[in-house]
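The exercises below are to be worked with the sequence and the structure side by side. Each opens with a task and is followed by a solution in steps.

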Amino acid sequence: MPVSAPMLSPSEGAAVLAAEQAGIPFIAYRDVHGDMRIVPLDDVDRLRIGRTADNEVVLAGDREVSRAHAELRAFGAGWLVVDDGMSRNGTFVNGERVVRHRRLEDRDVLRAGRTSILFRFPSAVGAESTAAATRQRAVRLTESERRVLVELCRPFLEPGTSAVPASNQQIADVLVLSVPGVKSHMRSLFGKVGVEDLPQNRKRAELARRALDAGLVSVRDR
């Protein structure tokens with residue numbers, strides 16, 4: 001059953017409030033004993049959900065949950081839920097089945113088997129208007145830049161692949177370019193899409209996210 005304010009005991013409500021005030025992403029769910037669990041997501045980039053003990057979120061008491069059911073993955077400044085055929089019974093977000101992966105929004109409710117998991121990202125709420133403005137900005141790409149951008153995003157378009165942007169070497173191999181040539185196009189793309197000021201380890205994922213959100217790359221490019 002979903003984790004929601006009316007169902008929380010005073011101590012549980014205090015724990016959720018403390019997590020919200022911290023401003024970091026977290027998930028909350030009830031374990032097999034009915035106890036609420038809060039799992040912060042600030043120090044991880046991947047979280048596995050399943051029935052067996054080798055998962056970070058263990059739903060051992062739910063027989064409708066697969067042994068390896070789904071994953072939460074950091075993507076740019078946000079998070080994805082990924083179920084790329086991993087589960088037998090599917091993963092749902094707000095009642096809709098996840099097809100390969102889905103970007104999560106603050107207060108989304110995931111369901112794996114009979115277990116509901118609340119996703120919270122309080123600090124992302126205030127940034128939504130800025131993100132929307134970024135998506136609306138016209139971006140003019142050269143044909144070469146667009147080809148590089150499509151290959152960067154291809155792992156998110158192809159069934160059976162991980163939700164991780166392609167590397168410069170992978171792009172170079174597909175497009176028959178040199179790695180320095182790909183890097184040059186990537187620097188230009190970082191500037192045009194407005195991610196050049198982000199930390200280096202976040203630029204590629206955020207570029208891919210914004211390109212997909214703005215329709216610069218879509219499933220038609222498969």
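**Exercise 1. Determine whether Arg100 is buried or exposed, and describe its backbone and its pairing.**

Step 1. Arg100 has a relative accessible area of 14% and is therefore buried; the term buried means under 20% relative accessible area, exposed means over 50%, and partly exposed lies in between (1.4 Å probe, protein chains only).
The model is a predicted one, in which local features need pLDDT of at least 70, side-chain atom pairs count only at pLDDT 80 or more, and totals for chains, interfaces and linings use all residues. Residues are numbered from 1 along each chain as its sequence is written, and side-chain values use heavy atoms, with hydrogens and water left out.

Step 2. Arg100 belongs to strand β9. Helices (H or I, at least four residues) and strands (E, at least two) are DSSP runs, numbered from the N terminus.

Step 3. The phi angle of Arg100 is near 70°, a positive value in a residue other than glycine. Most residues other than glycine have a negative phi.

Step 4. Arg100 in β9 is the bridge partner of Asp83. Strand β6 (residues 78–83) pairs with β9 in the antiparallel sense over four bridges; two strands count as paired if DSSP finds at least two bridges between them.

**Exercise 2. Establish where Arg107 lies and whether it is buried or exposed.**

Step 1. Arg107 is located in the loop between β9 and β10.

Step 2. With a relative accessible area of 54%, Arg107 is exposed.

Step 3. Arg107 is not a glycine, yet its phi is positive, at about 80°.

**Exercise 3. Give the strand order of the five-stranded open sheet and identify its edge strands.**

Step 1. The order is β4-β3-β5-β6-β9, and the pairing is mixed.

Step 2. The edges are β4 and β9 (100–103), each of which pairs on one side only.

Step 3. The parallel sense appears between β3 and strand β4 (residues 57–58), which are joined by two bridges. Gly50 has Val58 in β4 as its bridge partner.

Step 4. An antiparallel pairing with four bridges links strand β3 (residues 46–50) and strand β5 (residues 70–75). Here Arg46 is opposite Arg73 in β5.

**Exercise 4. Give the strand order of the six-stranded open sheet, and find the helix that packs on the sheet.**

Step 1. The order is β2-β1-β11-β10-β7-β8, with antiparallel pairing.

Step 2. β2 (36–40) and β8 (96–97) each have a single partner strand, so one side of each has no neighbour in the sheet.

Step 3. Helix α1 (residues 10–22) packs on this sheet and touches β1 (26–30), β2 and β11 (115–120). The direction of α1 makes about 10° with that of β2; contact means heavy atoms within 4.5 Å.

Step 4. Within the sheet, strand β7 (residues 91–93) and strand β10 (residues 109–112) run antiparallel and are joined by three bridges. Thr91 has Ala112 in β10 as its bridge partner.

**Exercise 5. Describe how α4 and α5 cross, and which residues make the contact.**

Step 1. The axes of helix α4 (residues 143–153) and helix α5 (residues 168–175) come within 10 Å and cross at roughly 120°. Axes are lines fitted to C-alpha atoms, for helices over the stretch in contact, and angles run from 0 to 180 degrees between N-to-C directions.

Step 2. The two helices, α4 and α5, are therefore oblique to each other. Angles under 35 degrees count as roughly parallel, over 145 as roughly antiparallel, 65 to 115 as roughly perpendicular and the rest as oblique.

Step 3. Arg147, Val148, Glu151 and Leu152 of α4 meet Ile171, Val174 and Leu175 of α5 in this contact.

**Exercise 6. Place Val150 in its surroundings.**

Step 1. Val150 is part of helix α4 and is buried, with a relative accessible area of 7%.

Step 2. The buried residues of α4 pack against α5, α6 (179–193) and α7 (200–213).

Step 3. Leaving aside its neighbours within four places in sequence, Val150 contacts Val217 and Asp221.

Step 4. The C-alpha atoms of Val150 and Ala211 are 8.9 Å apart, although 61 residues separate the two along the chain.
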